[in-house]
Amino acid sequence: MKKSTLLLTLPCLLHAAEIHVSPQGSDQADGSAKSPLATLQAAKDKAQSYLGKESVNITLHDGIYYLADTLTFTPNDSGTQQYPVIFKAANEGQAILSGGSKLDLQWTEYKDGIYQATTPEGLEIDQLFIDGTSQRMARYPNYDPALKTKPYQGYSADAFAKERASKWADPTGGYIHAMHVAGWGGYHYQITGKDAEGNVTYEGGWQNNRKMGMHKDHRMVENIFEELDAPGEWFHNQKTNTLYYQPAAGVNLQSASVEVVRLDNLVEFKGAQDSLVQNITFDGITVRHAARTFMDNKEQLVRSDWTINRSGAFMLTGTQNISILNSEFDQVGGNAIFVNNYNRGTVVKGCHIHHTGASGVCFVGDPNALRDPLFEYGESNDLSKIDLTKGPKTENFPMDCEVADCLITNIGTVERQPAGVQIAMCAKISVRDCSIYDCARAGINIGDGAFGGHLIERVDVFNTVLETHDHGSFNSWGRDRYWRRDHLTTVQEAVDKNPELPFLDAIHTTTIRDSRWRCDHGWDIDLDDGSTNYDIYNNLMLGKGLKLREGYRRHAWNNVSPFGRLHPHVWFQGSKDQVYNNIFALTHGPARMFDPYVRETMVDKNLFTHDQYAVSRAADLGWDKNSLTGDAMYVDAANGDFRVKEGSLALKLGFKNFPMDQFGVKKPSLKSIARTPEIPTLQAAVAGAKPAPPKQHRWIGAVFQELQGEEFSSYGVSAEAPGLAVVRVAPNSVAAEIGLQVGDVMLGLNGENLSRTHKLHYYVNDLRRSRDEKATIQFVRNQKAGEYTVALALLNKK
């Protein structure tokens with residue numbers, strides 16, 4: 001019976017309609033191998049007659065397919081599970097989808113090594129590609145590839161200063177790129193001209209959800225004709241239809257291929273939850289020439305630090321079983337792949353995604369699927385009035401999707417709030433066997449707790465947070481309906497009364513396991529504000545280690561941090577957190593935690609390898625009563641094998657070895673070009689073993705303390721100007737009278753920055769000599785800036 005069934009079904013499985021496409025073909029041809037069609041649109045149309053009756057294999061032969069418009073798939077273009085539609089390159093990577101146009105230009109010398117050419121009437125140029133490589137708009141300061149971890153690889157405080165702009169005849173259409181004042185991503189603006197006084201005018205700055213203004217130094221301008229002064233730079237004067245370009249080394253303009261970008265979405269799957277686009281695969285293609293979208297990045301995500309532009313070179317809305325396999329996304333200007341709202345069974349596998357202007361792969365749901373969503377960081381719910389129904393209101397979000405066996409690198413070449421993989425308002429997204437590195441911000445980011453259940457395993461993520469600040473190779477937020485900035489008071493009280501509040505949105509446990517992480521500019525794994533319901537185990541962390549800011553039910557066990565530590569920041573009492581059977585180099589680095597945290601919380605049975613005082617230091621928090629200090633006895637630390645040998649103290653505490661050779665991409669062609677992180681020496685861990693006691697200064701009845709290490713993050717201030725923490729306020733003191741509270745950070749006095757106690761001492765002496773009647777104290781409370789104006793006589797009161 002089984003044999004006859006197999007014989008009956010085998011012909012159906014083997015038979016498929018075959019359609020061939022070639023750039024040298026014709027849309028009037030029959031689509032056979034000998035007479036191929038010319039465009040993917042014609043192949044899609046021809047496939048209509050076969051849909052639901054037999055599988056459709058569309059072979060894309062080698063060459064560049066310049067798309068006239070976005071290739072759009074609707075529910076009417078769907079395959080079925082039995083009879084899918086497959087677009088596959090004849091040779092992997094050699095069928096290239098382009099959202100641009102090729103120009104045939106006649107170049108003549110302009111001056112100073114710059115050439116010029118006349119362009120077609122009405123042409124707009126967002127990006128210029130010469131011989132397949134994206135060139136740079138004329139900019140100031142010039143791009144310096146050696147400044148890999150500096151903002152924009154070149155910045156200047158006078159980027160658009162009046163004096164600089166006086167040299168610009170007409171900067172209209174230029175762009176200002178500036179980092180966030182605290183380094184939390186960046187902003188972008190379009191220049192609209194100059195005012196009567198010669199100051200640059202501009203609009204924009206909506207690309208960050210923590211709107212605090214641009215950094216005073218970290219600024220860059222581009223698309224300014226007068227700044228065209230370096231090889232590889234270009235400027236297009238649309239009024240005169242003239243393209244100016246200073247050739248990069250080795251470029252022969254007489255033979256060079258010149259391409260410009262037109263489209264932001266090259267392929268779009270356009271369905272809805274009740275009318276899906278289904279069962280379509282793209283396999284082995286290369287995607288190029290997608291426009292930059294940074295000025296359209298306006299939508300606030302739910303109280304994360306992000307805004308988003310729902311757009312991508314591949315855009316998926318309302319789909320099921322769409323697969324993007326073995327494909328390359330090469331220098332696209334915005335997001336490479338955007339999975340928007342309702343999608344099920346999306347697979348991105350075996351892909352090489354690199355040099356993206358924004359993120360690699362985004363999974364972003366509909367905020368209307370959430371209950372009581374808030375958007376701007378400073379907004380808060382009244383916890384006595386929120387909807388207590390658990391889970392989503394609708395199913396309009398991505399679920400059961402995966403990114404697997406991909407190489408994702410050089411993420412955020414334009415925008416500074418991107419991720420290799422971005423997950424927001426989704427459920428059960430898997431990221432596995434991926435190598436992700438060279439990212440302006442996070443390698444993987446989860447923007448909120450709704451709705452959890454994600455699985456991150458066997459990834460290799462490093463060289464992240466290169467140009468930003470206060471983040472991690474993995475980063476998450478959990479500013480869900482239960483979370484408020486005054487979490488230590490209002491949230492703590494509400495959750496004590498109703499322990500289910502943190503789990504109303506984070507309904508499924510997210511797992512991070514069997515992975516390797518390294519972040520030299522933040523934390524290896526960073527669970528920030530409110531992040532809740534995580535299992536974290538079998539991870540190798542090669543940088544500063546694991547940060548757990550306030551949240552609930554984070555279980556971290558069997559991890560190795562041979563150079564770092566646990567960073568517990570501002571925990572809730574009764575958090576249900578558990579941290580055990582780990583190997584840390586150094587004692588924990590708590591921030592804003594002064595009392596024991598033992599109610600429904602356990603930190604114990606950890607091994608500390610480079611700090612003999614770690615256990616005694618943890619006693620203040622009521623932790624690590626059964627932990628040990630000593631040599632972990634690593635198998636081969638120099639070569640990255642941090643398993644431990646028989647007889648290690650870690651094994652006695654309950655640690656279990658896990659594989660150290662399974663991190664990252666597995667596909668042979670990608671693994672052969674993928675980098676791996678550098679392994680520090682164990683001696684590097686010793687430097688941070690014994691931090692000096694923090695310096696303090698007493699004034700107006702309060703104790704002000706310098707912030708150490710990563711403490712600035714727990715207060716929500718910048719590492720550049722962290723201020724002084726208020727750690728004690730005496731009753732009936734002047735500090736209490738003017739309103740200072742424990743947990744505040746004093747940023748400044750009369751506008752003068754305070755980051756060291758000696759500065760406070762200096763400015764206090766100045767006040768005593770001042771003839772002014774009032775003084776101002778700048779402070780931050782619950783990550784919100786404020787200011788007190790105080791009578792000088794009160795401050796100078798003995």
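**Reading a predicted fold, feature by feature**

Trainee: Let's begin with a helix. Which residues in α10 are buried?

Mentor: In α10, the buried residues are T757, L760, Y763, V764 and L767. Buried means under 20% relative accessible area and exposed over 50%, with partly exposed in between, using a 1.4 Å probe and protein chains only. Keep in mind that this is a predicted model: local features need pLDDT of at least 70, side-chain atom pairs count only at pLDDT 80 or more, and totals for chains, interfaces and linings use all residues. Residues are numbered from 1 along each chain as its sequence is written, and side-chain values use heavy atoms, leaving out hydrogens and water.

Trainee: Where do those buried residues fall, seen down the axis of α10?

Mentor: An α-helix has 3.6 residues a turn, so residues three or four places apart point the same way. The buried residues of α10 fall within an arc of 120 degrees, so they line one face of the helix; the arc is that of the directions from the helix axis to the C-beta atoms. On the face turned away from them sit the exposed residues H758 and R769.

Trainee: What span should α10 have?

Mentor: The expected span is 1.5 Å times one less than the number of residues. For the 13 residues of α10 (residues 757-769) that gives 18 Å, and the end C-alpha atoms are 19 Å apart, which agrees. Helices (H or I, at least four residues) and strands (E, at least two) are DSSP runs, numbered from the N terminus.

Trainee: Now sheets. In what order do the five strands of the open sheet come?

Mentor: The order is β8-β9-β19-β18-β12, with mixed pairing. Two strands pair if DSSP finds at least two bridges between them. β8 (108-111) and β12 (136-137) stand at the edges with a single partner strand each, so one side of each has no neighbour in the sheet. Further in, β18 (residues 233-237) and β19 (residues 242-245) are antiparallel over four bridges, and F235 stands opposite Y244 in β19.

Trainee: Which way do β33 and β36 run, parallel or antiparallel?

Mentor: They run parallel, joined by four bridges, with I411 opposite C439 in β36. β36 also runs parallel to β39 (residues 460-462), through three bridges. As for burial, five of the five residues of β36 (residues 435-439) are buried.

Trainee: What about G412, in the loop between β33 (407-411) and β34 (419-424): buried or exposed?

Mentor: G412 counts as buried because its relative accessibility is 5%. Contact means heavy atoms within 4.5 Å. Not counting residues up to four places away in sequence, G412 touches T356, G357, A358, P418 and A440. T356 is 56 residues away along the chain, yet the two C-alpha atoms are separated by 5.8 Å.

Trainee: And how many disulfides are there?

Mentor: A disulfide is a covalent bond between the sulfur atoms of two cysteines. With a pair counted when the sulfur atoms are within 2.5 Å, the total is zero. The closest cysteine sulfur to that of C426 is in C401, 7.6 Å away, too far for a bond. For C519, the nearest cysteine sulfur, that of C439, is 9.8 Å away. C426 is buried at 0% relative accessible area, and C519 is also buried, at 0%.
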